[in-house]
Structures are given as structure tokens and as C-alpha cells.
Amino acid sequence: MERKKIAGIIDIITVDDAATIRALAADERVDRDFKFRPLYNGFILKRVLRALSYKGAHFPHMTTKEDAIRKEHHDSLWEQFNANVSAMANGPDELEPLAKWIRQETTEQEAGVLVQQIIGRFFSADFKATPDSWQAALILHEAAGSKNLPKMLWWRLTGKVQYAKKLLGVVTNDNLLAIHGIAVAAHNLVATAGRLKSFYADESLRKTLTPETAVEQSLSAPPVVYRQALADGAAAGCPYSKSTLFLLKLQDANRNHQAKDMIFMTGTWSRCPAEQWIPAVIAGTWKRAIGT
Ligand code: HEM
């Protein structure tokens with residue numbers, strides 16, 4: 001854990017241990033009700049929220065705990081994903097293009113479009129991912145995390161991020177949850193697909209890795225999620241002040257697969273609604289890749 005604090009200017013705590021992250025996730029005074037203070041916290045939050053919002057609405061993973069629409073979406077998405085788990089785990093035809101990519105039987109360089117297609121199709125049978133929709137996802141991803149100020153200023157002046165969002169809106173019929181899926185969550189599944197590809201390239205792993213172990217070995221948590229303190233407090237021996245911004249480094253907290261609950265924030269109010277669906281997609285894709 002590391003705290004950077006200069007009164008009135010910056011107050012940021014970076015947390016990379018699972019026990020403290022769990023304590024903060026359970027703490028009522030720690031939420032995603034973001035306020036742009038103090039100065040540098042505000043600068044970071046404005047940049048992140050500018051990227052991670054659509055038509056004035058924050059993406060669900062940047063929305064406050066008690067937001068009624070977030071809660072409703074969270075519950076309904078959870079049910080819809082879970083209803084599709086066993087179908088995915090059996091490795092349906094729609095997973096074949098990604099399985100082919102893992103077997104290196106396609107000219108496609110990146111898994112991005114293929115992953116977007118799997119996620120987007122969950123929201124609409126008509127969904128069609130394209131190199132442009134994947135490019136738009138990469139732009140959003142970079143805009144939310146980049147420290148390259150001149151480049152980001154240029155992107156603002158040229159409307160690059162706005163244009164990317166417009167395109168994502170067109171391909172999803174303005175469905176905020178689908179945009180979140182294909183432009184934010186997709187990056188996690190792309191990273192997983194890259195690992196499956198290298199497992200497949202190793203002949204002994206290809207022969208021995210079961211779908212369950214492939215899931216376990218390939219999944220990783222998002223690098224960082226954001227929280228802010230609503231009031232002064234302390235959690236797991238970590239004191240904080242009102243407006244302290246928390247950068248929760250979930251991926252680092254799950255080093256050596258020691259804290260698997262970090263992957264989807266399992267057991268907390270913000271748990272990923274796809275926490276069973278994604279492992280089923282991975283298991284089904286691996287089954288198809290190895291031909292079982
Ligand atoms: C490998 C794939 C994925 C991983 C590792 C992952 C991980 C996570 C994590 C850690 C959170 C909690 C964020 C926080 O606490 O602030 C989250 C939230 C969320 N995820 Fe995922 N996710 C994945 C795929 C997906 C997909 C495909 C969707 C589809 C739309 C999705 C939708 C969501 C939503 C809507 C939330 C916000 C939940 C809320 O707070 O209301 N995720 N995800």
C-alpha cells in the first residue's frame with residue numbers, strides 16, 4: 001500500500017494486497033460516488049470518467065453502489081449470463097473462430113474482434129464486430145489510462161474518443177452494458193485468449209490441460225479499479241480521508257493465483273455479473289481448440 005498526500009493537491013492510496021482490498025470493498029464509506037477533489041484526484045477522475053462514460057452516463061463499473069439503475073442492470077445481467085453458462089461451457093459453434101485463432105489457423109493477428117463478437121452477440125444476435133469496433137475499444141482503453149498529456153489533448157481537440165464512442169454506440173444500438181462489455185471487459189478476455197494461445201502452442205500443455213485448469217491458468221483480474229472515500233475512516237490498518245482516491249490493483253493482488261476472488265471481485269457488491277459466464281466461455285473455447 002502506498003499513499004501520496006499533499007493537502008489540497010493530491011490524496012491517492014494505491015493498494016495491491018488482497019486483504020486490504022477486501023476490507024475496502026466491505027467498507028460503507030468507500031464507494032464510486034466520485035467527486036473531483038482535491039486537485040490532482042479531480043484531474044485523474046475527470047480524465048478516466050470522460051473516457052468511461054457514454055451520453056452522460058458512467059459505465060457500470062464507475063457507478064455508485066446505491067445507483068438504482070446500476071443495481072437493476074447488475075441483477076438482470078447476472079441472471080442472463082448465468083442462464084447461458086452451460087451452453088457456453090459445451091463449446092458452441094460461435095466459439096470456433098476464437099478456438100481457431102488459438103490453434104493459429106487464421107490470419108487474424110489479434111483476438112480483439114473475435115472476443116468482441118462473442119460478447120456483443122450475447123447482447124444481440126445481430127451484433128457484428130469489425131476491426132473498427134475493436135480499434136474504438138483500444139482508443140477508449142488508452143484514453144482511460146494514458147499519461148501522455150499532449151496525445152490526449154490532441155485526441156480531445158480532434159474528437160477521437162468521441163468518434164470511437166459514437167461507433168461503439170452504433171454497433172450496440174446505444175446499449176451501455178454492451179458498450180462496457182465490448183470496449184472495457186473485452187480487454188480482459190483478450191489477455192486470457194493470448195494465454196490460451198501460448199498454452200496451445202506448447203504440445204505437452206495442449207495434451208494435458210483440462211478446460212478447468214485452462215480457465216484457472218488463463219484468467220487474470222483487471223489491472224486497476226477505482227474507489228473514493230465518502231468520509232474519513234480506516235480499513236485493515238489503512239487510514240484514509242474524505243475524498244481519498246483508491247487505486248485497487250486487483251491483478252497485482254492476485255499474484256501467483258493466491259487471491260482468485262480479485263479476478264471478478266467475487267463476494268462483494270460490485271462482483272462482475274459475468275463471473276460464471278466468462279469461465280464457461282474460456283472452458284468452451286479450450287474444449288473446441290483441443291477438439292474434445
Ligand atoms: C475476463 C473477463 C472479465 C473480468 C476479469 C471482469 C472483471 C470484473 C471486475 C473485477 C469487476 C468489478 C469492478 C469493480 O469492483 O469496480 C467487474 C465489474 C463488472 N463487469 Fe466484468 N469482467 C469480465 C468480463 C465482463 C463482461 C464480458 C461483461 C459484460 C458486459 C462484464 C460486465 C461487468 C459489469 C457490468 C460490471 C460492473 C458491476 C457493478 O459494479 O455493477 N464483465 N468485472
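In this predicted model, W277 is buried, with a relative accessible area of just 1%. Its ring partner F81 also counts as buried, because its relative accessibility of 6% falls under the 20% limit. The centres of the F81 and W277 rings lie 4.8 Å apart, and their planes meet at 40 degrees, so the pair is described as tilted; a stacked pair would need planes under 30 degrees apart, and an edge-to-face pair over 60. The contact brings together distant parts of the chain: F81 belongs to helix α3 (residues 68-83), whereas W277 belongs to helix α15 (residues 277-290), with the two positions 196 residues apart. F81 and W277 are also members of a cluster, joined by ring pairs, that takes in F122 and F123.

A second aromatic pair is formed by Y240 and F246, and here the arrangement is edge-to-face. The ring centres of Y240 and F246 are 5.4 Å apart, with 85 degrees between the planes. Both residues are buried: Y240 has a relative accessible area of 3%, and F246 has one of 0%. In total, the structure holds 8 aromatic pairs, the F81 and W277 pair and the Y240 and F246 pair among them.

Aromatic rings also meet charged side chains. The charged end of R271 is placed over the ring of W78, at 3.6 Å from the ring centre. Likewise, K197 has its charged end over the ring of W101, 4.3 Å from the centre of that ring.

Methods: Residues are numbered from 1 along each chain as its sequence is written. This is a predicted model: local features need pLDDT of at least 70, side-chain atom pairs count only at pLDDT 80 or more; totals for chains, interfaces and linings use all residues. Side-chain values use heavy atoms; hydrogens and water are left out. Rings of Phe, Tyr and Trp (its six-membered ring) pair if their centres lie within 6.5 Å; planes under 30 degrees apart count as stacked, over 60 as edge-to-face and the rest as tilted. Helices (H or I, at least four residues) and strands (E, at least two) are DSSP runs, numbered from the N terminus. Buried means under 20% relative accessible area, exposed over 50%, partly exposed in between (1.4 Å probe, protein chains only). A charge sits over a ring if NZ of Lys or CZ of Arg is within 6 Å of the ring centre and within 35 degrees of the ring normal.
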